Amino acid sequence: MSGLSSRRPGMHARQISSSSFAEAFDAARSRLGELTLHQEDEDEAEAASPCLSSSDSAISEEALSLTGSGCSECTPLSPVSPITGLVTPITDADVADNFAFAFDIDGVLIRGGRPIPEAIEAMKVLNGENEFGVRVPYIFLTNGGGKFESERCHDLSRQLEIEVSPGQFICGHTPMREFADRFGTVLVVGGEGEACRNVAESYGFRDVITPGDILKANAHTAPFRKLTDLEHKNSRNLLAHGAKMSDIVVEAVFVFADSRDWASDLQIILDVAQSKGGRLETRSETFDEGPPIYFSHSDVVWSAAHEHVRLGMGALRKIVETVFADTTGGKKLKTHAFGKPQIATFEFATRLLQQWRAAQHGLAESDPPQTVYFVGDTPESDIRGTNAMNEKSKSTEWYSILVKTGVYQEGTEPRYKPRRLVDTVLDAVNHGIRREMAKAGSRLSTGGRRLPLDDAAMKAIAEGRTPNFVTKAGPFSDP
Ligand SMILES: [Mg+2]
C-alpha cells in the first residue's frame, strides 16, 4: 500500500492533538479483547454478510479485514477499546452488579443542545437517588460526533449535571481509530472547521486531507462553493513543493461527522470514488477502483431542535450511492457504515461497559451483567441494533427501550419493535430498575440476593408489591 511508509510531496507533518481519551485508549489498548466490525448492508437480507464487496478490492480484504462473526474469510480487527487506565477501581458495595444501562444521546438525553428535562433526574436515579440506594453503571453510545470524545463528555457533563468520562462514551467515529494504521493518505469529511481533521490525527491517521484542501488547490472542483477566508487560511496547500493533484492518492474516505456543505462534499466524494485508485483528478474507465468509503453511521434522520426530524449522514450516504450509479451508467458503489445498528458497535460497547464497570465500580471484568437496558429514540438504529445484539449475545440480555422524545413519533408503528415503549428516559430507567427489583424479589425467595435493598424495599417485595421509586413527573410523564 503506498503512502504508509513515505510522505507524499507537500504532506504536512502529522499533528497530534492530545486528549485524556487518547491517552487512556492507548494505555488500555494492549489488554483488550478483539473487536470485529461489520459492514452494513442496505439490503437487510444481506445484512448478515460482513464481507467487503469486491468493488473495494484495491485495498479491501487484505487491508481492512472488516469482519463479522461466522465469516471464515475475514480476520478480526486488532484488539481495541477506549478505556480507562486512568480511573482507579474502587469497591462499590451499593452498585448493581447484574444490570446496567446504555443510552443514546440525541433525542433521549439531549435535544437541540439542551437536556431533555427528565434526563437530569434519570441520571440522579441511576446514581443512587432511588429507594434502594443502589447505583447502576451506565455508558453512552451515540452516532453523533465531530469533536474529541473528551470535549463531548465535557459538554454532556455540563448538560446532565454529572461527570461523564470518556471511559463511558462512544461516538460514531470512535471505532475509526482502528483504521489509522491501515491507510496512508485519507480524505476526512464533515464537521466544523478543522475539528474532524484534528480528531483523525489524534486517532493516529498520518496524512489527513479535507475537502477544504482540495477546494483550495482547485477552486473549480465545486463551482458554487467558495471557501471563506478562514477556511482558505486553515486549509492545507496540497500543491506545495511543486506537487500536482494527481500525485495524491486517497486510500480511504472517512465521513466523520455531518457535512456542512453537502453539494461540494458530495462532488468531492464522488470524484474520489470514480478516480483511478483514489488518485485525485483522475477518472476511472471502469468505475470500480475507487478507495473504500466509510461513514461513521447511517442514520437518515435525527432529532434536533426543529419540530420535525432533520436529515443526517445516512441521507448523504444514500445520495452518494445513488448519484454514483446515475453518473456511471449504473455501476454500484458499496459504502460502509459504523455506529448503530452495527452489531460490532454494540460489541464494542459491551467491552466498554465491562471495563467501565470494573474500573469505576470494582466489578469483575470477566463477569458480565445479566441485562443491559439500551434506551434510544430511533427504531432503525437504536432498537434494531439492540434487538440484534440480544439475539447474538450468549451471556447478556440486551433489552431495548424506545422513548417518545426524539425520532420516534407517538402513534406510528416503529419498524423495529422495542421490548418497551415509554415516554421519557426517566420512565425507561424506572422501568429497568423496577424490572430488576421484581427479578431480585424472585431470587430473594431462594436466597439469591443480588441487589442491596433497604428495609422498605425488602418489605414491599416480600408483600408482592412493586417498590416505590424516587421520581419526578415531567412534561412527558404519565400522571
Ligand atoms: Mg437519537
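**Close-up 1. Six strands form an open sheet in this predicted model.** The strand order is β5-β4-β1-β13-β14-β15. Pairing is parallel. β5 (169-170) and β15 (420-421) stand at the edges. Each has a single partner strand, so one side of each is left without a neighbour in the sheet.

**Close-up 2. β1 pairs with β4.** The strands cover residues 99-103 (β1) and residues 138-141 (β4). They run in the parallel sense and are joined over three bridges. Phe101 stands opposite Tyr138, a residue of β4.

**Close-up 3. Two helices pack on the sheet.** α10 lies across β1, β4, β5 and β13 (371-376). Its direction is at about 150° to β4. α11 touches β13 and β14 (397-402). The direction of α11 makes about 160° with that of β14.

**Close-up 4. Helix α10 packs against helix α11.** α10 spans residues 343-361, and α11 spans residues 379-392. The angle between them is about 70°, and their axes are 9 Å apart. Angles of 65 to 115 degrees count as roughly perpendicular, so α10 is roughly perpendicular to α11. From α10, the contact takes in Ile343, Thr345 and Phe346. Gly385, Ala388, Met389 and Lys392 meet them from α11. By class, the residues of this contact are four nonpolar, two polar and one charged.

**Close-up 5. β13, α11 and β14 make a β-α-β unit.** The unit is right-handed. Its two strands, β13 and β14, run parallel and are joined by six bridges. One of the bridge pairs sets Phe374 against Ser400 in β14. α11 touches both β13 and β14.

**Close-up 6. β14 is largely enclosed by the rest of the structure.** Why is β14 described as largely enclosed? Five of its six residues are buried, and therefore the strand is largely enclosed by the rest of the structure. A residue is buried here if 20 or more other C-beta atoms lie within 10 Å of its own. In the sheet order, β14 stands between β13 and β15.

**Close-up 7. β15 pairs with β14 at an edge of the sheet.** Two bridges link these strands in the parallel sense. Leu402 has Leu421 in β15 as its bridge partner. β14 is the single partner strand of β15. One side of β15 is left without a neighbour in the sheet.

Key:
Residues are numbered from 1 along each chain as its sequence is written. This is a predicted model: local features need pLDDT of at least 70, side-chain atom pairs count only at pLDDT 80 or more; totals for chains, interfaces and linings use all residues. Axes are lines fitted to C-alpha atoms, for helices over the stretch in contact, and angles run from 0 to 180 degrees between N-to-C directions. Helices (H or I, at least four residues) and strands (E, at least two) are DSSP runs, numbered from the N terminus. Angles under 35 degrees count as roughly parallel, over 145 as roughly antiparallel, 65 to 115 as roughly perpendicular and the rest as oblique. Two residues are in contact if their C-beta atoms, placed from the backbone, lie within 7 Å. Ala, Val, Leu, Ile, Met, Phe, Trp, Tyr, Cys and Pro count as nonpolar, Asp, Glu, Lys and Arg as charged, and the others, Gly among them, as polar. Two strands pair if DSSP finds at least two bridges between them. A residue is buried if 20 or more other C-beta atoms lie within 10 Å of its own, exposed if 12 or fewer, and partly exposed in between; C-beta atoms are placed from the backbone. A crossover is right-handed if, with the strands pointing away from the viewer, the path from the first strand over the helix to the second runs clockwise.
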